[in-house]
Amino acid sequence: MPRRIHFVIAMVIGPALLAGCDGPRAPSLELDFIPVVGNSSLPFSSAVRVGDMLYLSGQIGTDSSGKVVAGGIGPETRQTMENIRAVLESNGSSLDRVVKCLVMLADMDQWSAMNQVYVTYFPRHRPARSAMGASGLALGAQVEIECLAALGT
């Protein structure tokens, strides 16, 4: 075959043959940014829904007035977990669907006391988890917890 025909085949037929060779395309995932209830002026969302997953912002132990509850690490952890439960349930998930948590503590010496409350919220399974000490948390909180959860109940 003359060289010229090879060139025509390569330039005209080649791209048509290769067009389907990119492999499967990933499905486009919609992002749903969920504002913080009662305070949309905050510079973050309470959660972001991506496909079948819910990514929660860190929660601290604030009550309905926006103040950190009194009483130390135990009551703060309990209120933090209740705040997490509320965000999960209002967005189509639950504590049973949490797959990963990150715990931030203002004082790592409070790790055991925080765990005593934390484990009561996961009676059937224990999500993967990381914990770290922080030099300070928002509003002077002693604990902040963020979670990732699958949608569904």
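Partly exposed, as used here, describes a residue whose relative accessible area lies between the limit for buried, under 20%, and the limit for exposed, over 50%. Asp96, at 36% relative accessibility, is therefore partly exposed. The model discussed here is a predicted one, and Asp96 makes a good starting point for a walk through it.

The side chain of Asp96 forms a salt bridge with that of Arg124, with an N to O distance of 2.5 Å. This pair ties together distant parts of the chain, its members being 28 residues apart. Asp96 lies in the loop between H2 and strand E5 (98–105), whereas Arg124 sits in the loop between helix H3 (111–118) and strand E6 (128–133). Arg124 has a relative accessible area of 67% and is exposed.

The count of salt bridges in the model comes to two. The other partnership to describe joins the side chains of Arg85 and Glu82, at 3.3 Å from N to O. Here the setting is a helix: Arg85 and Glu82 are three residues apart in helix H2 (residues 73–90), so about one helical turn separates them. An α-helix has 3.6 residues a turn, so residues three or four places apart point the same way. Both members of this pair are partly exposed, Arg85 with a relative accessible area of 28% and Glu82 at 32%.

Turning to the strands, E5 and E6 pair in the parallel sense, over six bridges. One residue pairing to look for on the structure above is that of Leu102, whose bridge partner in E6 is Ser130. Together with H3, the strands E5 and E6 make up a β-α-β unit, and this unit is right-handed.

Which residues of H3 are buried? They are Met114, Asn115, Val117 and Tyr118. Viewed down the axis of H3, these buried residues fall within an arc of 165°, so they line one face of the helix. Their packing partners are H2, E5, E6 and strand E7 (143–150). The buried residues of H3 thus pack against both strands of the β-α-β unit, E5 and E6, as well as against H2 and E7.

The cysteines deserve a careful look. How many disulfides does the structure hold? The number is zero. Cys101 is in no disulfide, and the nearest cysteine sulfur, which belongs to Cys147, is 3.0 Å away. Why is there no bond between Cys147 and Cys101? A disulfide requires cysteine sulfur atoms within 2.5 Å, and at 3.0 Å the sulfur of Cys147 is too far from that of Cys101 for a bond. Both residues are buried: Cys101 is at 1% relative accessibility, and Cys147 has a relative accessible area of 2%.

A last stop is Lys67, found in the loop between strand E4 (59–60) and H2. Is Lys67 buried or exposed? At 58% relative accessibility, Lys67 counts as exposed. With neighbours within four places in sequence left aside, Lys67 is in contact with Gly61 and Thr62. Along the chain, Lys67 and Ala141 are 74 residues apart, while their C-alpha atoms are separated by 9.5 Å.

How values were computed: Residues are numbered from 1 along each chain as its sequence is written. This is a predicted model: local features need pLDDT of at least 70, side-chain atom pairs count only at pLDDT 80 or more; totals for chains, interfaces and linings use all residues. Side-chain values use heavy atoms; hydrogens and water are left out. A salt bridge is a side-chain nitrogen of Lys or Arg within 4 Å of a carboxyl oxygen of Asp or Glu. Helices (H or I, at least four residues) and strands (E, at least two) are DSSP runs, numbered from the N terminus. Buried means under 20% relative accessible area, exposed over 50%, partly exposed in between (1.4 Å probe, protein chains only). Two strands pair if DSSP finds at least two bridges between them. A crossover is right-handed if, with the strands pointing away from the viewer, the path from the first strand over the helix to the second runs clockwise. Contact means heavy atoms within 4.5 Å. The arc is that of the directions from the helix axis to the C-beta atoms.
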